Amino acid sequence: MALSLAGILFDLDGTLLDTARDLGGALNKLLSEMQRPIVAYDDYRKIASDGAKGMLELGFAHDLANLDFQALRQQFLNYYAHEICVHTQFFAGVETLLTELNQRSIPWGIVTNKPGYLTTDLLIHFPLLAQCHVVVSGDTLHERKPHPLPLIYAAEKLKLDVDQIYYVGDARRDIQAAQAAKMTSVVAEYGYIDNLDMVKQWQADLHITSATDLLIFC
């Protein structure tokens, strides 16, 4: 765990931005096109951090093994890209946190598994996010979370030692990546987490219930 905080890295979906309704909309459009039952918000919200693979597994269940996964994935991403920011918004407290980090000159960045072109297309809708110091997407490097390389790469871009950085995310892969990178791992409990009791098994360094909880460490 970091002795002092010099910078913060964030996951994107489920941590900074609530993208679930737009991801679910893309899934349900695909399901409707294939004359399959759509998925309720309460069901797809808890899967939203798992990206296209998780959403398709939810929507098609065991039938996915008999379908062209790559074709379905591409169609899902096409639908999502077309309406990438209809309902997406900041989680409560995120704007306050990021504004305060900027005022205190604490560098911050984004490390996500989202494909780069979708990350770019989404971030342009949120000018505050353009002020981040580094963005690492799922295809920026040859590895992605839970591998630590994206976090280590981001630390290098921030010109900070890994033990000076907090990494905040809402999925187990986020905590695994932070632990492997020797960063302070922070669970965003307000994100797409279905079972908070299960989260205890992740053995993260810190847990927050609101983005602004991080301010006490700054």
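**Cysteines**

I started with cysteine 85, which is partly exposed at 22% relative accessibility. This is a predicted model, and I kept that in mind for everything below. Is cysteine 85 close enough to another cysteine for a bond, or too far? Too far: the closest cysteine sulfur, in cysteine 132, is 16 Å away from the sulfur of cysteine 85. I took the cut-off for a disulfide as 2.5 Å between the sulfur atoms.

Next I checked cysteine 218. Cysteine 218 is in no disulfide either, and its nearest cysteine sulfur, again that of cysteine 132, sits 16 Å off. With a relative accessible area of 32%, cysteine 218 counts as partly exposed. Then I searched the whole structure and got zero disulfides.

**Nonpolar cores**

I wanted to know which residues have the most contacts inside the largest nonpolar core. They are Phe10, Leu16, Phe76, Leu98, Leu129 and Leu214, in a core of 54 residues. Helix α1 (residues 20-33) gives this core its largest share, six residues.

I picked phenylalanine 76 out of that list and went through its contacts. Leaving out residues up to four places away in sequence, phenylalanine 76 touches Leu23, Ala26, Leu27, Leu30, Ala52, Met55 and Leu56. There is also a second, separate core of 16 residues, with Leu151, Ala155, Ala177 and Met183 among them.

**Helix α3**

Ala52, Met55 and Leu56 had just come up as contacts of phenylalanine 76, so I turned to α3 itself because those three are on its list of buried residues, along with Gly54, Gly59 and Phe60. What covers the buried residues of α3? The cover includes α1, α2 (41-45) and α4. Just past the end of α3, alanine 61 has a positive phi of about 50°.

**Backbone oddities**

Most residues other than glycine have a negative phi, and most peptide bonds are trans. I went looking for exceptions.

- Serine 105 is not a glycine, yet its phi is positive, about 55°. I found serine 105 in the loop between α5 (94-103) and β4 (108-111). Its relative accessible area is 64%, so serine 105 is exposed.
- Glutamine 203 also has a positive phi, near 60°, without being a glycine. Glutamine 203 sits in the loop between α9 (196-199) and β8 (206-208). Glutamine 203 is exposed too, with a relative accessible area of 64%.
- Where is the cis peptide bond that involves proline 146? It joins lysine 145 and proline 146, with omega about 20°. Proline 146 belongs to the loop between β5 (134-136) and α7 (149-158).

**Pockets**

I looked up the largest pocket and noted a volume of about 560 Å³. Its lining is made of 29 residues, and Asp50, Gly51, Ala52, Asn113 and Arg144 lie nearest the centre. Which helices each supply at least two residues of that lining? I wrote down α3 (51-60), α4 (69-82) and α8 (172-181). By residue class, the lining splits into ten nonpolar, six polar and 13 charged.

The second largest pocket came out at about 210 Å³. Lining this pocket are 13 residues, of which Lys46, Asp50, Asp170, Ala171 and Tyr192 are closest to its centre. Its lining divides into six nonpolar, one polar and six charged. Asp50 turned up in my notes for the largest pocket and again for the second largest.

**Two buried residues**

Is threonine 119 buried or exposed? Threonine 119 is at 1% relative accessibility, so it counts as buried. Threonine 119 lies in helix α6 (residues 116-123). Beyond four places away in sequence, threonine 119 touches Leu12, Thr112, Lys114, Val135 and Ser137.

I finished on isoleucine 208, in strand β8. Isoleucine 208 counts as buried because its relative accessibility is 1%, and the cut-off for buried is under 20%. What does isoleucine 208 touch, not counting residues up to four places away in sequence? The contacts are Val168, Val186, Val187, Ala188, Glu189, Tyr190, Asp213 and Leu214. Leu214 was on my list for the largest nonpolar core as well. I also looked at how isoleucine 208 sits relative to isoleucine 84: they are 124 residues apart along the chain, with 27 Å between their C-alpha atoms.

Definitions and conventions:
Residues are numbered from 1 along each chain as its sequence is written. This is a predicted model: local features need pLDDT of at least 70, side-chain atom pairs count only at pLDDT 80 or more; totals for chains, interfaces and linings use all residues. Side-chain values use heavy atoms; hydrogens and water are left out. Helices (H or I, at least four residues) and strands (E, at least two) are DSSP runs, numbered from the N terminus. Buried means under 20% relative accessible area, exposed over 50%, partly exposed in between (1.4 Å probe, protein chains only). Contact means heavy atoms within 4.5 Å. On a 1 Å grid over the protein atoms alone, a cavity is a set of points where a 1.4 Å probe fits but cannot get out, and a pocket is an open set with protein on both sides within 12 Å along at least five of seven lines; lining residues have an atom within 4 Å of a point. Grid points are joined across faces, edges and corners, and a volume is the space filled by probe spheres set on the points. Ala, Val, Leu, Ile, Met, Phe, Trp, Tyr, Cys and Pro count as nonpolar, Asp, Glu, Lys and Arg as charged, and the others, Gly among them, as polar. A nonpolar core is a set of buried Ala, Val, Leu, Ile, Met, Phe, Trp, Tyr and Cys residues joined through side-chain atoms within 4.5 Å.
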